[in-house]
Amino acid sequence: MSVTTAYLTSRATAGQTAGGVGRWYSVPNPAQQPNVYRLKDFPTYSSISSSMIIVPVVRNGEFSSGGGDGRLGVRAWTCNSSALTSNSTIKVTAWRNTDKSATLNWLAPVNGNGFPSRRLDPESGLGAQFKKLHRTGSNAAGNPNLTLRDRQRYTWLMSANRTKANPTAAASCGLLGCATVRVGDGPTFANGFAADTQGSRIPSNSVEYLGAGYWKNADEYDTSTAHPVNLSSYGNDLTSSDGRQVQWVVMEWWGSTPPSNDMVLEVFVR
């Protein structure tokens, strides 16, 4: 992490972090790293009573320095523990497109013009498809369950009932085997983020969640195990439907406790 926003606890704020007086801690800076997203900056939509962004993620060097296996992931960062309550929830999912003719309606870019800066409109076109899958699955309303081809569109990140205590949990299946896959809930702020750890010589204030799904190839559904979601090198096809060229990451938070300024999500391709 090359550029950060750093904070120093003081006697006035030491009660808000377990780290104690005089400990420096930092989070990535969205202004310098466009693949980092501050929760407070998410636009709020009255239609869903929550704040949301949708970002196209590709393996072209913009979401990491490269050199890894291409695994999609997200890191949840924070420093100030005062906002880590059970009154608000964070949920992050990812999806592959199955409709190459779907309309891509874009909002204004944020912090640059690359892929990390792009925002798909969740109120129309392909963005509305992803918003629905993220919130209600294949259903018009109610529990977010996935059926038929929707099951192999889903990559879970901060969803599928994952928490910082269990960041590798897999999505559960409904009745009749895995004819239905549950999108699952996202964690509360308290269960999804980790503030500075008391007693540690080195501050630790992030939690890593790696992408997984019940698909191996675009139309190959396999619930024998949770498969890692690795991206291939980007081939300049934003409408690709194979799930390896593009993963559309949906990030959402809602609740009565607003996020603190230092609560950010870092989306990366390993």
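The largest nonpolar core of this predicted model has 59 residues, and M251 and L265 touch the most other members. A second, separate core has 6 residues. The protein has 2 helices and 17 strands, and buried residues make up 53% of its 270 residues.

**Nonpolar cores**

- Eight named elements give two or more residues to the largest core, among them the strands β5 (50–57), β6 (72–77) and β7 (88–95).
- The helix α1 (125–136) also contributes in this way, as do β9 (154–158), β11 (206–210), β16 (247–255) and β17 (264–269).
- M251 touches L265 and V267, as well as Y37, F42, S51, M52, I53, V55, K91 and V92, when residues up to four places away in sequence are not counted.
- The second core is separate from the largest one, and its members include Y25, V27, W77 and C79.

**The largest pocket**

- The space in the largest pocket comes to about 180 Å³.
- Its lining consists of 18 residues, and those that lie nearest the centre are D41, F42, I53, V110 and R119.
- At least two residues of this lining come from β3 (36–38), and at least two come from β5.
- Sorted by class, the lining has 14 nonpolar residues, 3 charged residues and 1 polar residue.
- F42 and I53 appear both among the residues nearest the pocket centre and among the residues that M251 touches.

**The second largest pocket**

- The volume of the second largest pocket is about 150 Å³.
- This pocket is lined by F63, S64, S65, G66, R75, E208, E266, F268, V269 and R270.
- Strand β17 provides the largest share of this lining, with 3 residues.
- The lining holds 4 charged, 3 polar and 3 nonpolar residues.

**Aromatic pairs**

- The count of aromatic pairs in the model is 8.
- In one pair, the ring centres of W156 and Y214 are 4.9 Å apart; the planes stand at 65°, which is over the 60-degree cut-off, so the pair is edge-to-face.
- This pair links distant parts of the chain, since W156 lies in strand β9 and Y214 in the loop between β12 (212–213) and β13 (215–217), 58 residues apart.
- Both W156 and Y214 are buried.
- The rings of F189 and F193 form another pair, with centres 6.0 Å apart; their planes are at 80°, so this pair is edge-to-face.
- F189 has a relative accessible area of 0%, under the 20% cut-off, and therefore counts as buried.
- F193 is likewise buried, because its relative accessibility is 0%.
- One aromatic cluster is formed by W95, Y154, W156 and Y214.

**Contacts across the chain**

- Among contacts between residues at least 6 apart in sequence, 72% join residues at least 24 apart.
- P28 is placed in strand β2 (residues 24–28), and P28 counts as buried because its relative accessibility is 0%.
- The C-alpha atoms of P28 and D262 are separated by 8.8 Å, although the two residues are 234 residues apart along the chain.
- D99 is located in the loop between β7 and α1.
- The relative accessibility of D99 is 28%, so D99 counts as partly exposed.
- The C-alpha atoms of D99 and S241 are 7.1 Å apart, while 142 residues separate the two along the chain.

**Loop residues with positive phi**

- N161 has a phi near 65°, a positive value in a residue other than glycine.
- N161 belongs to the loop between β9 and β10 (180–182).
- With a relative accessible area of 45%, which falls between the 20% and 50% limits, N161 is therefore partly exposed.
- N236 is not a glycine either, yet its phi is positive, at about 65°.
- The loop between β15 (227–228) and β16 contains N236.
- N236 counts as exposed because its relative accessibility of 68% is over 50%.

Key. Residues numbered from 1 in each chain as written. Predicted model: local features only at pLDDT ≥ 70, side-chain atom pairs only at ≥ 80, totals over all residues. Heavy atoms only, no water. Core = buried A, V, L, I, M, F, W, Y, C linked by side-chain atoms within 4.5 Å. Buried < 20%, exposed > 50% of the residue type's maximum accessible area, 1.4 Å probe, protein only. Helix = DSSP H or I, 4+ residues; strand = E, 2+ residues; numbered from the N terminus. Contact = heavy atoms within 4.5 Å. 1 Å grid on protein atoms, 1.4 Å probe; cavity = no way out; pocket = protein on both sides within 12 Å on 5 of 7 lines; lining within 4 Å. Points joined across faces, edges and corners; volume = space filled by probe spheres on them. Nonpolar A, V, L, I, M, F, W, Y, C, P; charged D, E, K, R; others polar. Phe/Tyr/Trp six-rings, centres within 6.5 Å; stacked < 30°, edge-to-face > 60°.
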